[in-house]
Amino acid sequence: MPRVIRVHVQTAASFENIEELDIDEYKIWTTAIPEKGGANESIIEMLADYFDTAPSNIRIISGNKSKHKLIEIK
């Protein structure tokens, strides 16, 4: 069953990190800048490592151009 999480993203950070704030709510810091989908790609890669799954199992449901995103993990 897919899991949906809420993510708040801080782009262009000086470090990369994922912090669990609550059940199914996370904050992600990425060094990527939000241009041409670079930050979204970085977030997907980071979440894939964090949840030990393939990047193809992670999909941004809403918030492609927002700091607040809903993400589905299969």
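Asp24 is partly exposed, at a relative accessible area of 23%, where buried means under 20%, exposed means over 50% and partly exposed lies in between (1.4 Å probe, protein chains only). The model is predicted, so local features need pLDDT of at least 70 and side-chain atom pairs count only at pLDDT 80 or more, while totals for chains, interfaces and linings use all residues. Residues are numbered from 1 along each chain as its sequence is written, and side-chain values use heavy atoms, with hydrogens and water left out.

Asp24 is a good place to start the tour. This residue sits in the loop between β2 and β3; here helices (H or I, at least four residues) and strands (E, at least two) are DSSP runs, numbered from the N terminus. Its backbone has a positive phi of about 60°, although Asp24 is not a glycine. Asp24 also takes part in a salt bridge with Arg3, with 2.7 Å between the closest N and O atoms. Because Arg3 belongs to strand β1 and Asp24 to the loop between β2 and β3 (25-29), this pair ties together parts that are 21 residues apart in sequence. Arg3 is itself partly exposed, with a relative accessible area of 31%.

How many salt bridges does a search of the whole structure find? The search finds three, a salt bridge being a side-chain nitrogen of Lys or Arg within 4 Å of a carboxyl oxygen of Asp or Glu. Another of them joins the side chains of Glu25 and Arg6, at 2.9 Å from N to O. Glu25 is in strand β3 and Arg6 in strand β1, so this pair links parts that are 19 residues apart in sequence. Both ends are partly exposed: Glu25 has a relative accessibility of 27%, and Arg6 has one of 43%.

A further salt bridge runs between Glu72 and Arg59, whose closest N and O atoms are 3.2 Å apart. Since Glu72 lies in strand β5 (residues 68-73) and Arg59 in strand β4 (residues 58-62), the pair ties together parts that are 13 residues apart in sequence. Is Glu72 buried or exposed? Glu72 is buried, with a relative accessible area of 12%, whereas Arg59 counts as partly exposed at 44%. Leaving aside neighbours within four places in sequence, Glu72 is in contact (heavy atoms within 4.5 Å) with Pro2, Arg3, Val4, Asn57, Ile58, Arg59 and Ile61. Two of these names have already appeared in salt bridges: Arg3, the partner of Asp24, and Arg59, the partner of Glu72.

Val4, another contact of Glu72, leads on to the surface. This residue is placed in strand β1 and counts as partly exposed, at 39% relative accessibility. Together with Ile61 and Leu70, Val4 forms a nonpolar patch on the surface, with about 210 Å² of accessible area in total. Accessible areas come from the Shrake-Rupley method with a 1.4 Å probe, and for residues only the protein chains shown count as cover. Patches are made of residues with over 30% relative accessible area and no salt bridge, with like charges joined within 9 Å and nonpolar side chains (Val, Leu, Ile, Met, Phe, Trp, Tyr) within 5 Å.

Charge gathers on the surface too. Which residues form a patch of negative charge there? They are Glu41, Glu45, Asp49 and Asp52. For this purpose Lys and Arg count as positive and Asp and Glu as negative, with His and the chain ends not counted, and the place of a charge is NZ of Lys, CZ of Arg, CG of Asp or CD of Glu. Asp49 has its place in helix α1 and is exposed, with a relative accessible area of 65%. Asp52 is found in the loop between α1 and β4 and is exposed as well, at 70% relative accessibility. Like Asp24, Asp52 is not a glycine yet has a positive phi, of about 55°.

Tyr50 also belongs to helix α1 (residues 38-50), and counts as partly exposed at 38% relative accessibility. Beyond residues up to four places away in sequence, Tyr50 touches Ile18, Glu20 and Tyr26. The C-alpha atoms of Tyr50 and Ala39 are separated by 16 Å, the two residues being 11 apart along the chain.

Ala39 is also one of the residues touched by Thr11, along with Thr30, Ala32 and Pro34, again not counting residues up to four places away in sequence. Thr11 lies in the loop between β1 (3-10) and β2 (17-22) and is buried, with a relative accessible area of 14%.
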